[in-house]
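Please open the model in your viewer and keep the selection panel at hand. The tour goes from one selection to the next and says what is to be found at each stop.

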Amino acid sequence: MPIVPPTHSVERSLRRAGAKVVVGLDEVGRGAWAGPVTVGAAVTGLRRPPEGLTDSKLLTELRRRALAPVLADWVTAYALGHASPQECDELGMTAALRLAAVRALEALPVEPDAVILDGKHDYLGGPWRVRTVIKGDQSCICVSAASVLAKVHRDGMMAELGEQYSAYGFADNAGYPSPVHRAALEEFGPTEHHRLSWAYLDALPKWRHLKRIRPGLEAAEGSADEQLTLGF
């Protein structure tokens, strides 16, 4: 099935409602066992995007890496925000996502009037004016741009970590579940870059004592994310 290219449709509707600066947000790393959760923020205006732009998950690694520097030059502005594994453990994923998103928005050289957020849940909230869009990373140009920039940057961060922790295969799995990652965890246990409240530790008797339990319902988030997110 051919990929339908993203458009400026949602951004145009927000501009008609008075928003001059519209920012697209997308996250990567939500379901990873290791590494930060990263949120990309991109302002694209209404210009025609580089050819082939779409959700980062629909692109090959080679295409993402080739497209990212083109996007960095093409966008009006972009920034990235991160929440560390420790912050994910301490805050829970919803709050960690908001923290990363706020850091990305505050790092932009322009102040947004409205934000297009990928997905159906508004984890950002006020004071920003937020429009959630299911599969916005496929349908909205500014969100697609944020998706690619965030994915390529975080993958690069994890590849660098992989040079220090070669057994875990971070260069290939970016900290997500994989057979190599699981085998390394079983033998060596989690590193300082692993999330210790995630459910993978339940299956590692040797290291289960390191598990951190968060209060409230968010203690189960890691398990849900691991089941839903296996490669991106």
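Begin by selecting helix α2, residues 61–74, in what is a predicted model. At 1.5 Å a residue its 14 residues should span 20 Å, and because the end C-alpha atoms are indeed 20 Å apart, the expected and the modelled spans agree. Move along the helix to A68, where α2 has a kink of about 30°, shortly before the proline P69. Now colour R64, L67, A68, L71 and W74, which are the buried residues of α2, and display α6 as well, since α6 is included in what covers them.

Next, select L25, L105, L108 and L124, the residues with the most contacts inside the largest nonpolar core, which has 43 residues. Elements giving two or more residues to this core include the strands β1 (22–28) and β2 (37–43) and the helix α6 (141–164), while α4 gives the most, with eight residues. Centre the view on L25, whose contacts beyond four places in sequence include V39, A101, L105, I116, L124 and V143. Apart from this core lies another, of 13 residues, among them L59, L67, V75 and V148.

Finally, go to α8 (179–188) and pick out H181, A184 and L185, its buried residues. Seen down the axis of α8, these fall within an arc of 100°, so they line one face of the helix. The face turned away from that buried side carries the exposed residues P179 and E187, whereas α7 (170–173) is part of what covers the buried residues of α8. The last stop is G189, just after α8, which takes a positive phi of about 80°.

Definitions and conventions. Residues numbered from 1 in each chain as written. Predicted model: local features only at pLDDT ≥ 70, side-chain atom pairs only at ≥ 80, totals over all residues. Heavy atoms only, no water. Core = buried A, V, L, I, M, F, W, Y, C linked by side-chain atoms within 4.5 Å. Buried < 20%, exposed > 50% of the residue type's maximum accessible area, 1.4 Å probe, protein only. Helix = DSSP H or I, 4+ residues; strand = E, 2+ residues; numbered from the N terminus. Contact = heavy atoms within 4.5 Å. Expected span 1.5 Å × (residues − 1). Bend = angle between axes of the 7 residues up to and from the residue. Arc of directions from axis to C-beta.
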